[in-house]
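Thanks for making the time this morning. I would like to walk through how the helices and the nonpolar residues are arranged in one model, so please keep the structure in view while I talk.

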Amino acid sequence: MGHFNEQVYDIVKQIPAGRVASYGQVARMVGKPRNARFVGFALHSNPQPGIIPCHRVVFKDGSLAPGFAFGGPDAQRMLLEKEGILFLDDGRVDMEQCSWEIA
């Protein structure tokens with residue numbers, strides 16, 4: 001596992017239940033603001049599902065990942081709903097209410 005992936009996992013582990021971050025936001029926190037796609041690649045190979053909460057990372061508009069590696073977008077939505085994440089009528093996460101910023 002590369003240094004970038006390790007940094008991504010460290011950031012994602014900090015996202016609390018009931019909050020989400022975008023791929024771009026995680027990339028910026030790692031210091032690679034143009035590497036949102038690579039954040040997705042890292043999360044797709046999550047070595048510790050359940051410990052690294054990759055389901056808490058969504059697109060900047062609140063859309064869920066169509067290729068969510070651990071059961072697809074329905075599984076991702078179910079995990080987020082269990083944590084109290086709010087969804088808009090169109091199926092996107094309510095980013096205004098649920099976005100997380102590192103303290």
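**Cores and helix packing**

What you see is a predicted model, and I will begin with its largest nonpolar core, which has 19 residues, those with the most contacts inside it being Val 8, Val 12, Val 26, Val 39, Leu 43 and Val 57. Helices α1, α2 and α3 each supply at least two residues of this core, and α1, with five residues, gives the most.

If we take Val 8 and set aside residues up to four places away in sequence, Val 8 touches Val 26, Val 30, Val 39, Ala 42 and Leu 43. There is also a second, separate core of nine residues, which includes Val 20, Leu 64, Ile 85 and Met 95.

Now to the helix pairs. How do α2 and α3 pack against each other? Helix α2, residues 23-30, and helix α3, residues 36-44, pack at an angle of about 100°, with their axes 8 Å apart, and that angle makes α2 roughly perpendicular to α3. On the α2 side the contact is made by Tyr 23, Gly 24, Val 26 and Ala 27, and on the α3 side by Ala 36, Val 39, Gly 40 and Leu 43; these residues divide into six nonpolar, two polar and no charged.

For α1 and α3, the axes come within 10 Å and cross at roughly 80°, and these two helices are therefore also roughly perpendicular to each other. Here Phe 4, Asn 5, Val 8, Tyr 9 and Val 12 in α1 meet Phe 38, Val 39, Ala 42 and Leu 43 in α3, a contact whose residues divide into eight nonpolar, one polar and no charged.

Conventions
Residues numbered from 1 in each chain as written. Predicted model: local features only at pLDDT ≥ 70, side-chain atom pairs only at ≥ 80, totals over all residues. Heavy atoms only, no water. Axes fitted to C-alpha atoms, helices over the stretch in contact; angles between N-to-C directions. Helix = DSSP H or I, 4+ residues; strand = E, 2+ residues; numbered from the N terminus. Parallel < 35°, antiparallel > 145°, perpendicular 65-115°, else oblique. Contact = heavy atoms within 4.5 Å. Nonpolar A, V, L, I, M, F, W, Y, C, P; charged D, E, K, R; others polar. Core = buried A, V, L, I, M, F, W, Y, C linked by side-chain atoms within 4.5 Å. Buried < 20%, exposed > 50% of the residue type's maximum accessible area, 1.4 Å probe, protein only.
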